[in-house]
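Student: I'd like to learn how to read a model like this one, feature by feature. Can we go through it together?

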Amino acid sequence: MQYIKPRGTKDILPEDAEKRFSLEIILRKIMTNYNFKEIITPILENYDLFVRTVGNDSDIVNKEMFLVKNMKSDENTEPKIVLRPEATASVVRTINDSKLLMNLPIKLFYYGPMFRYERPQAGRYRQFYQFGVESLGSNNYLIDIEIITLAITILKTLNLTNFTLKINSIGSTISRNKYIEVLKNDLNKIKSNLCNDCQTRINKNPLRILDCKIDTNLKNIANIHDYLTEQEKENFNNIKIVLNQLNIKYEIDSKLVRGLDYYNDLVFEIKDNNNGLTLVAGGRYDQLSSQLGGKDLPAIGFAMGIERLILALDQAEILWHITKKLDAYIICMSENSRNYASSLIYHLRNNQISANMDYLNRPFKKQIENLDKINCKFAIIIGQKEIENKTVMVKNQKDKTQEEVLTLDLINYLKEGIKKYVKNS
Ligand code: HAM
């Protein structure tokens, strides 16, 4: 029997894990600059939370949720539990009964796995990581600007440049409902030309048709902008004016509606121009809190896919600064130097010097051969003579010089050596 990973999941091997870690450090630093604090919500959530917020007719709720059952689940009495497909609804659920509400606006970020039963392909997984931000408590358009500039700052800090920001306003529910009625009418006229999925979407979720990958050439369809109120138009205009002032390039896409039901007014996406994948997506969701029975809490946020970000960085051949070298690797010349090496390595590590040694009982010659594969700054060689003299031989792996050092002086010697090594790299 073969044990393979579930479809649409990814094993994160050490090199990839290091990339993620260095990415996370950069993201956290930017969060500090923008004064966002971390929130961690459960991976398990009630199914109803997403029905109520993301929407019953959205793809996520309709066909992409992973239902969790335990051995004793009683479907008649227990609420349905799912693996969270996104985190915005969870964040709003959490703050609705927390002390955070006392100090608005609340600026939060999260980083963690999400789950969607999608058809796996490049940049699309069933388990993927999202980094997301949510700013709750203000409907000032300058917060919309802050959220967009934050997304752009992240991409630029990572040296990504080949992307396109698309923005749109989908107005309030009232404006949108008016538009939806006209849209349904227009779509019914061309129903026979639409793909099978979209034909059934006309009544259930007509906005989603604007986003269809097959029916891309929709002509003579009403434009949502014609159904926005003057105030909604002005708000969208203000956002465009400040983006222009900031010299942030954007495209207006009146067909950008997003696949989640909770949005209103500003929605936006940032696409990677190299591979066409959406890196960042978000928008305003002023009604979500009251929909969940909480207080009126205008809000806006976005999420970015970590796997897509890493793919973008790799495809743009942006170098990762993660070639962290081990400080020291201990080579044992004789069998009885192994115990000695083991105590020494404990001592080095306790003094913040990263170290490793051979645990496979390789003969001395093989350990030396293996040294080239080990990315280390110093090799420490111990034999019988060194044990008797209470010394070790230290070899600088860059300039290949070596020196006999008293074991007592080793920590200071290495600390100085590491500083010089780093300075000269
Ligand atoms: P979303 O558009 O569903 O929005 O997902 C946001 C981002 O997550 C996408 O742009 C993409 O980068 C990544 N993503 C989504 N699905 C997958 C997948 N199957 N595999 C890999 N990456 C994926 C939301 O989730 C909203 N909660 C965003 C938001 C936050 N809106 C307001 N606040």
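Student: Let's begin with overall dimensions. What radius of gyration does the chain have, and what would a compact globule of 425 residues have?

Tutor: The chain has 28 Å, whereas a compact globule of 425 residues would come out near 22 Å. Keep in mind that this is a predicted model. Along the principal axes, the C-alpha atoms fill a box of roughly 90 × 55 × 45 Å.

Student: How many helices and strands are there in the chain?

Tutor: You'll find 14 helices and 16 strands. To see how the chain is tied together, take the contacts between residues at least 6 apart in sequence: 67% of them join residues at least 24 apart.

Student: And the surface? What share of the residues counts as buried?

Tutor: Of the 425 residues, 49% are buried. The chain exposes about 23,200 Å², with carbon and sulfur atoms supplying 50% of that area. As for charge, there are 60 positive and 52 negative side chains, and the centres of the two sets lie 2 Å apart.

Student: How do I read a single buried residue? Where is Val 54, for instance?

Tutor: Look at its element, its cover and its partners. Val 54 belongs to helix H2, residues 47–55. Its relative accessible area is 0%, so Val 54 is buried.

Student: Which residues does Val 54 touch, leaving out those up to four places away in sequence?

Tutor: Its contacts are Ile 60, Val 61, Glu 86, Leu 260, Asp 261 and Tyr 262. Tyr 262 is worth a click: Val 54 and Tyr 262 are 208 residues apart along the chain, yet their C-alpha atoms are separated by 5.9 Å.

Student: Now a whole helix. How many residues of H10 are buried?

Tutor: Helix H10 spans residues 306–315, and 7 of its 10 residues are buried, which leaves it mostly covered. The buried set is Ile 306, Glu 307, Arg 308, Leu 309, Ile 310, Ala 312 and Leu 313. Charged residues can turn up in such a list too, as Glu 307 and Arg 308 do here. After H10 comes Glu 317, with a positive phi near 55°.

Student: Where else is phi positive in a residue other than glycine?

Tutor: Two asparagines are examples. Asn 247 has phi near 65°, and it sits in the loop between helix H8 (230–245) and strand S8 (251–252). Asn 361 has phi near 55°, in the loop between strand S13 (355–357) and helix H12 (364–371).

Student: Are those two asparagines buried or exposed?

Tutor: Asn 247 counts as exposed because its relative accessibility is 62%. Asn 361, at 52%, counts as exposed as well; the cut-off for that label is over 50%.

Student: What about omega? Which residues does a cis peptide bond join?

Tutor: Check Leu 104 and Pro 105: the bond between them is cis, with omega about -5°. Pro 105 is in the loop between helix H4 (88–96) and strand S5 (106–115).

Student: Last one: how many disulfides does the structure hold?

Tutor: It holds 0 disulfides. Cys 198 is in none, and its nearest cysteine sulfur, that of Cys 212, is 3.6 Å away. The pair doesn't count because a disulfide needs the sulfur atoms within 2.5 Å. Cys 198 is buried, at 0% relative accessibility, and Cys 212 is buried too, at 8%.

Technical notes. Residues numbered from 1 in each chain as written. Predicted model: local features only at pLDDT ≥ 70, side-chain atom pairs only at ≥ 80, totals over all residues. Heavy atoms only, no water. Buried < 20%, exposed > 50% of the residue type's maximum accessible area, 1.4 Å probe, protein only. Helix = DSSP H or I, 4+ residues; strand = E, 2+ residues; numbered from the N terminus. Rg over C-alpha atoms; globule rule 2.2 N^0.38 Å. Contact = heavy atoms within 4.5 Å. Areas by Shrake-Rupley, 256 points an atom, 1.4 Å probe, with all protein chains shown as cover. Lys, Arg positive; Asp, Glu negative; His and termini not counted. Charge placed at Lys NZ, Arg CZ, Asp CG, Glu CD.
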